[in-house]
Amino acid sequence: STYTANFQGHLQQGVWNHYALVIDNTNGINIIYENGVPHASPRSFLPGSYTYNPTALFAVGAISTGGGSPGTAHFDIDDFRIYASALSLGDIIASL
């Protein structure tokens with residue numbers, strides 16, 4: 001299963017934003033936060049069923065080109081992190 005977020009219209013030149021994707025495998029929920037606020041409703045999946053597939057296409061800062069390889073976006077990524085456990089909303093806000 002794939003998860004694509006559409007931030008079209010949210011990104012503005014010269015404006016810094018903080019995004020966090022939380023995949024909570026224990027509770028079977030994933031959610032994206034934009035500047036500490038949920039960007040969309042949480043998505044549910046079968047708890048314990050998420051596994052990271054290192055051979056699958058994983059793109060950060062890319063634009064879907066309709067089926068092929070993702071195109072590059074024209075912005076800078078200052079900091080990118082992957083954590084081994086789901087962060088709470090408090091953890092995310094503390095990292096802003």
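The legends below describe close-up views of a predicted model.

**View 1. The chain as a whole contains one helix and six strands.** From the N terminus on, the order of elements is β-β-β-β-β-β-α. The chain has 96 residues, of which 16% are buried. About 7500 Å² of the chain is exposed, and carbon and sulfur atoms supply 53% of this area.

**View 2. Five residues form the largest nonpolar core.** The members of this core are Ala-20, Val-22, Ile-31, Tyr-33 and Ile-92. Strand S1 (19–24) and strand S2 (29–34) each contribute at least two of them. Ala-20 is in contact with Ile-31, Ile-32, Tyr-33 and Ile-92, leaving aside its neighbours within four places in sequence. In soluble globular proteins, nonpolar side chains tend to be buried together.

**View 3. Strands S1 and S2 form a hairpin.** The two strands run antiparallel and are joined by six bridges. One residue pair in this arrangement is Asp-24 with its bridge partner Ile-29 in S2. Four residues lie between the strands, and Gly-28 in the turn has a positive phi of about 70°.

**View 4. Strand S2 is largely enclosed by the rest of the structure, because five of its six residues are buried.** S2 runs antiparallel to strand S4 (residues 43–44), with two bridges between them. Here Asn-30 stands opposite Arg-43 in S4.

**View 5. Strands S2 and S3 form a hairpin with two residues between them.** In the turn, Asn-35 has a positive phi of about 55°. Two bridges join S2 to strand S3 (residues 37–38), and the two strands run antiparallel. Tyr-33 stands opposite Pro-38 in S3; Tyr-33 also belongs to the largest nonpolar core.

How values were computed
Residues numbered from 1 in each chain as written. Predicted model: local features only at pLDDT ≥ 70, side-chain atom pairs only at ≥ 80, totals over all residues. Heavy atoms only, no water. Buried < 20%, exposed > 50% of the residue type's maximum accessible area, 1.4 Å probe, protein only. Areas by Shrake-Rupley, 256 points an atom, 1.4 Å probe, with all protein chains shown as cover. Core = buried A, V, L, I, M, F, W, Y, C linked by side-chain atoms within 4.5 Å. Contact = heavy atoms within 4.5 Å. Pairing = 2+ DSSP bridges.
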